[in-house]
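This report covers a helix, an annotated span and a surface patch. The sequence and structure are shown first.

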Amino acid sequence: MKFLELNKKRHAYKTFNDKPVDLKDIRTAIEVATLAPSANNIQPWKFVIVKERKAQLAEHMFGANASQANSAQYVVALFTDTDLGKRSRKIARVGIKDLPEEFLEHFMRTLPARFSQYDEQTKSDYLALNAGLVAMNFVLALTDQKIASNIILGFDKTKVNEVLDIDSRFRPELLITVGYSDDKPEPSYRLPVDEVIEHR
């Protein structure tokens with residue numbers, strides 16, 4: 001499918017039907033998502049596929065997001081790794097058979113030293129950027145498989161790790177509802193492209 005057509009088919013679905021989603025299809029979408037670019041190739045993301053604890057998670061979602069989550073087949077919680085030094089060394093450890101020596105050096109020594117100098121705001125911005133990139137890839141990969149989804153920001157981030165039993169080192173970024181939908185949404189309004197372009 002051409003990229004333009006794929007983007008036109010992606011919508012924010014708020015209601016879902018009872019048709020089951022194959023976990024293999026979600027795994028495929030995550031695999032595609034992780035091909036997203038990331039700053040320094042740090043890949044700081046962690047995906048948690050939620051089924052059994054969906055109702056518990058919905059209790060900490062705001063407004064209509066809770067009923068949306070309950071009707072979805074799954075909620076995928078996207079986290080980022082706040083310990084960027086450890087993340088960097090993990091990439092080196094996992095990739096030791098495939099990465100050239102200079103890349104291993106980069107992930108083992110250069111990046112951890114750089115990350116240690118980040119203040120909280122810099123790190124937060126860095127993680128949010130990477131989360132946005134991988135989340136967009138994920139919902140497009142779902143769309144390509146004709147699976148509906150919606151990215152949710154409205155939830156209590158202080159509760160998610162406890163509900164899902166995830167180490168506090170990982171920061172919750174987004175919740176993504178996943179399922180099939182009978183809705184036929186109209187395309188969202190977009191500003192004309194010339195309104196968002198300037199030349200200098």
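## Kink in helix H6

Helix H6 bends by about 35 degrees, with the kink centred on Phe107. The model is a predicted one. H6 runs over residues 101–115 and has 15 residues. From its first C-alpha to its last, H6 reaches 20 Å, close to the 21 Å expected at 1.5 Å a residue.

Phe107, the centre of the kink, is also one of the buried residues of H6. The others listed as buried in this helix are Leu104, Leu111, Pro112 and Phe115.

## Annotated span

The UniProt record, an unreviewed entry, lists residues 8–180 as "domain: Nitroreductase". In the model, this span is 47% helix and 17% strand. The C-alpha atoms at the two ends of residues 8–180 lie 17 Å apart.

## Nonpolar surface patch

A nonpolar patch on the surface is formed by Tyr189, Leu191, Val193, Val196 and Ile197. Together these residues have about 550 Å² of accessible area.

Leu191, a member of the patch, is found in the segment after strand S4, which covers residues 170–179. Is Leu191 buried or exposed? Leu191 has a relative accessible area of 55%, and the cut-off for exposed is over 50%, so Leu191 counts as exposed.

Leu191 and Val139 are 52 residues apart along the chain, and their C-alpha atoms are separated by 22 Å.

Technical notes: Residues are numbered from 1 along each chain as its sequence is written. This is a predicted model: local features need pLDDT of at least 70, side-chain atom pairs count only at pLDDT 80 or more; totals for chains, interfaces and linings use all residues. Side-chain values use heavy atoms; hydrogens and water are left out. Patches are made of residues with over 30% relative accessible area and no salt bridge: like charges are joined within 9 Å, nonpolar side chains (Val, Leu, Ile, Met, Phe, Trp, Tyr) within 5 Å. Accessible areas come from the Shrake-Rupley method with a 1.4 Å probe; for residues, only the protein chains shown count as cover. A salt bridge is a side-chain nitrogen of Lys or Arg within 4 Å of a carboxyl oxygen of Asp or Glu. Helices (H or I, at least four residues) and strands (E, at least two) are DSSP runs, numbered from the N terminus. UniProt positions are given in the numbering used here, feature names are shortened, and annotations may be inferred rather than shown by experiment. The expected span of a helix is 1.5 Å times one less than its number of residues. The bend at a residue is the angle between axes fitted to the seven residues ending there and the seven starting there. Buried means under 20% relative accessible area, exposed over 50%, partly exposed in between (1.4 Å probe, protein chains only).
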